[in-house]
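Work through the exercises below with the sequence and the model at hand, and try each task before reading its solution.

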Amino acid sequence: MLYKPSVPPRLNTMQLPLRIITPLLALSLLAAACGDDSSSDADSSSGTAESITLYSGRSPELIDPLLDAFTEATGITVDARYGDSAELALLIQTEGDSSPADVFISQSPGALGLLAGEDRLQALDRSLVDLVPDGFAASDGTWVGLTGRVRVLVYNDELVDPSDLPASVLDLTDPAYTGRVGVAPTNGSFQDFVTAMRNELGDPATLEWLEAMAGNDSPNYPKNSAIVEAVGRGEVEMGLVNHYYNLRALEADPSLPSVNHFLPADDLGSLVIVTGGAVLNSSDAAVTGQELLSWLLSEEAQVAFAAETQEYPLLPGIDAPTGLPGLTGFAADTIDYDLLGDGLTGTVELIRESGIEQ
Amino acid sequence: MVLAIGVFFVGPFAYVIWRNVDLGTDVWSVLWDRDTLQPLRQSLRLGVAVSFSTVVIGTGLAWLTIRTDLPARRMFRLLSPLPLVFPSFVGATALLAGFASGGLVEELISPLGIDTLPDMRGFRGAWLVLTFFTYPYVYLPVAARMASLPPSLEESARMLGRGPWAVFRTVVLPQTSSAIWAGGLLVFLYTISDFGAVTLLGYDTLTEQIYADKLFDQARAMGMALVLGGVALTVVMAERSLDRRRSQVEVLRSRAPLTVSLGRWRWPCLIGVAAFLGNALIGPVAILGFWAWRGLTADVETIGLGTDVGSLWGPMLHTAQAGLITAVVAIAVVLPVAWMIARYNSRVAGAANSMVVAGFALPGVVTALSLVFWVIDAPVIGRWYQTLPLLIIAYVLHFGAQATRAAHVAVAAVPRRLNDAAATLGAHQPRRFLSVELPLMTPGLLAGAGLVMLSTMKELPATLLLAPIGFDTLSTQIWHAGDSGALAQGALASLVLVALSAVLTWVVVIRRIESY
């Protein structure tokens, strides 16, 4: 009885989904196979094209309207792939000379520095690089800054007396701040900040600062937005982040008690981290790619960045976002990644060695 | 053919090895470094703890919803697999917002005089979140197995005077153990590869280290990826050798499985199930709903912070399309491997199986980059780079493990004598397979397809890097929204993802397992 094979074959149960899914599958494959003969409409001799491919480390909400305006102004379409800046840099590195990308926009100068070091980026025209003040572009011209974000100390004004706030990021190692300052040591912006510190103070002093922060039991978070959320909840009193996360969090919930504390302009703690753009070496539409970058540095685009994403425009003469201190005098991210020797590997090694990651 | 499938799945491992050679990584020194051993130990500790808790919960839940007279069990059958579809960073964010110090729950209960909640960061939080969101890896295969058990053995045991608990332990459990182990293994592999939850909850694992080093210290990141892959392979092979020693129970049922009466335990069990699903599913959904509602009713002017329900249509269709196609392709690809193992105990198939399964433990971004590496300059297939077929291949590469283990359990449960009987009646092999074996494997295969579908619907790294330009999914929408601080839109997209997966899971998986 136990093994009685009395079940009639019930093909119907399997056939139904297959009947729906098989044609769906076939159609999709067909569409994909037919749809990719538009691979290159570029005129490689002149470096211009009707359409270009952009890899954007900046999310669509924050750049799409500007790309649409560019298309309207120039007739050039932009095919954009959005992702994490570091992962897109790895993608470009892995794709090598066959990369479909023409332009790369990165929220982290470190990712651009890495690609420049591997000779994946081409030198931009001097006229483009000179649009921004010194220090907001790579010294070899391989990338140019588009906007800036300022590092700040965000704090919960229900838990922190403003007179307790430090005058310098270097003061956060004081035992008075034990357990009170959230950091994101594995995050790109923090890594860029530590790289700048190495550049400014040297490796031993940087390691000393990181170790002291570790000794202060600074709670770890994965990224800026998580720190801002935790400060808003009151889980941690303060945190080292980029300025615009809190502005956006307040927009979503104006009742939040989180406030940005801008450190003095010449302090390392108010470093400006640029979002930069570059044209790939492998691009056959380099001229058009530079056209996009210079358009993003046009007055129209820079005003839009300041107004709508609350970032600092880098084109001189454009006002800072409403309610924020002006950019003049802020320590720029003037890092020449090549001069650091071991480059950014040294930064992650120092961070790890310090024990600040818990 | 089995060999070809195996070679396909070797791709990511070969890539990791090649990168290690190319970058000159000294894998031994990476491995024996205190900064690697400590995260590795934490990965293993979390993996074992989460596997253990999900095995207990997944099995218990499957038994209660499939085999007892639990009230509202049909609803619970639908709800139980769904937590798998939460991307782990969404689940962790919602849990933190709810339970962390200063969170929503604390605000709710503080009037009751309770003002401190247990700390959710670190091991405890990661363990809890991953248990909530990965137990369906156990639940689905076990539920499918329990739904197809014959009543006769259990009836005999009952007649011999055994109580319900003894029957469960001595009759039901041995017959489902293969599915339970399969699920536990998937949970372990997922846990050691997870990035989203551990990083948000501040628990430092090997995968978190790989992510931190992936760009600026590639030699070390790739060395650690190799270590992770090695650990996964070892565990998979160990489980496989255990599985070979376990007696395979081939069973066929002729009537619906027994329904056990819970008696006076009916209501306590109901409360337990409801409380668990309340935490794993309803709680996060409520928090997401709160954010979405706040965004929909607020008057927001800042760019990118508004909500736009209409913009989610396209991503929803893409998500459904990717999930369904991947599920079918994955089952079709791994079935031959599972069949060869179960039928012929083939060594080649065994090795192929280990590759397929262990690949699941490599972080998604590594698998995606390996595909880029192998495909971009390849003749013919290079033309498919960043098209839908290649994206599907990436998903199959990453999630093949889920289909493989489920298919293996399904194939092993089909009595060989049926095939022999059909052969003596003159049926050819293809016909025997289609008309005798395939229908009997249906529940197990559907469970595997369901796991692959849900995993694909939330997949992020490969989708970002390899999808055709413009092929947005709900998962990429959620991520972009999170990246730009658009909490409400992200919450809305998450809710759509949960709703869509509920519909698809019901139509494609649960309804069919039930009616089997």
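**Exercise 1: the partners of one strand**

In chain A, β4(A) and strand β9 (residues 312–313) pair in the antiparallel sense over two bridges, where strands (E, at least two residues) and helices (H or I, at least four) are DSSP runs numbered from the N terminus, and two strands pair if DSSP finds at least two bridges between them. This is a predicted model, in which local features need pLDDT of at least 70 and side-chain atom pairs count only at pLDDT 80 or more, while totals for chains, interfaces and linings use all residues. Residues are numbered from 1 along each chain as its sequence is written, and chains are lettered from A and ligands numbered from 1 in the order in which they are written.

Task: Find which residue of β9(A) is the bridge partner of Gly148(A), and then trace how β4(A) pairs with β8(A), β6(A) and β7(A).

Solution. Step 1: begin with β9(A), where Gly148(A) has Tyr312(A) as its bridge partner.

Step 2: turn to strand β8 (residues 272–279) of chain A, which runs antiparallel to β4(A) and is joined to it by six bridges; here Gly148(A) stands opposite Val274(A).

Step 3: go on to strand β6 (residues 238–242) of chain A, which pairs with β4(A) over five bridges, again in the antiparallel sense, and in which Val241(A) is the bridge partner of Val152(A).

Step 4: finish with strand β7 (residues 258–261) of chain A, which is antiparallel to β4(A) and joined to it by four bridges, with Ser258(A) standing opposite Asn156(A).

Step 5: for the surroundings of the strand, note that β4(A), which spans residues 144–156, is mostly covered, since 13 of its 13 residues are buried (20 or more other C-beta atoms within 10 Å of the residue's own, with exposed meaning 12 or fewer and partly exposed in between; C-beta atoms are placed from the backbone). Chain A as a whole has 12 helices and nine strands, and 51% of its 358 residues count as buried.

**Exercise 2: two residues compared**

Task: Decide whether Glu357(A) is buried or exposed, and do likewise for Ser241(B).

Solution. Step 1: locate Glu357(A) in the segment after α12 (343–354) of chain A, and count its neighbours: there are 21 C-beta neighbours inside 10 Å, so Glu357(A) counts as buried.

Step 2: list its contacts, where two residues are in contact if their C-beta atoms, placed from the backbone, lie within 7 Å. Leaving aside neighbours within four places in sequence, Glu357(A) touches Pro185(A), Thr186(A), Asn220(A), Ile351(A), Arg352(A) and, in chain B, Asp204(B).

Step 3: set sequence against space, for Glu357(A) and Ala184(A) are 173 residues apart in sequence and 8.4 Å apart in space, C-alpha to C-alpha.

Step 4: find Ser241(B) in helix α13 (residues 218–245) of chain B; because 10 other C-beta atoms lie within 10 Å, Ser241(B) is exposed. From Ser241(B) to Gly229(B) there are 12 residues in sequence and 18 Å in space, C-alpha to C-alpha.

**Exercise 3: a helix crossing**

Task: Work out how α15(B) and α18(B) are oriented to each other.

Solution. Step 1: take the axes, which are lines fitted to C-alpha atoms over the stretch in contact, with angles running from 0 to 180 degrees between N-to-C directions. The axes of helix α15 (residues 313–344) and helix α18 (residues 388–412) of chain B come within 6 Å and cross at roughly 50°.

Step 2: classify the angle; α15(B) and α18(B) are therefore oblique to each other (under 35 degrees is roughly parallel, over 145 roughly antiparallel, 65 to 115 roughly perpendicular and the rest oblique).

**Exercise 4: how far to trust the model**

Task: Find which stretches of chain A have a pLDDT under 50.

Solution. Step 1: start from the average, which is a pLDDT (the predictor's confidence in each residue, from 0 to 100) of 84 for chain A, with 83% of the residues scoring at least 70.

Step 2: mark residues 1–18 of chain A, where pLDDT stays under 50, and residues 32–41 of chain A, where the pLDDT is below 50. Where pLDDT is low, the predicted coordinates should not be read in detail.

Step 3: for chain B the average pLDDT is 85, and 92% of the residues score at least 70. The predictor gives the complex an ipTM of 0.90 and a pTM of 0.88.
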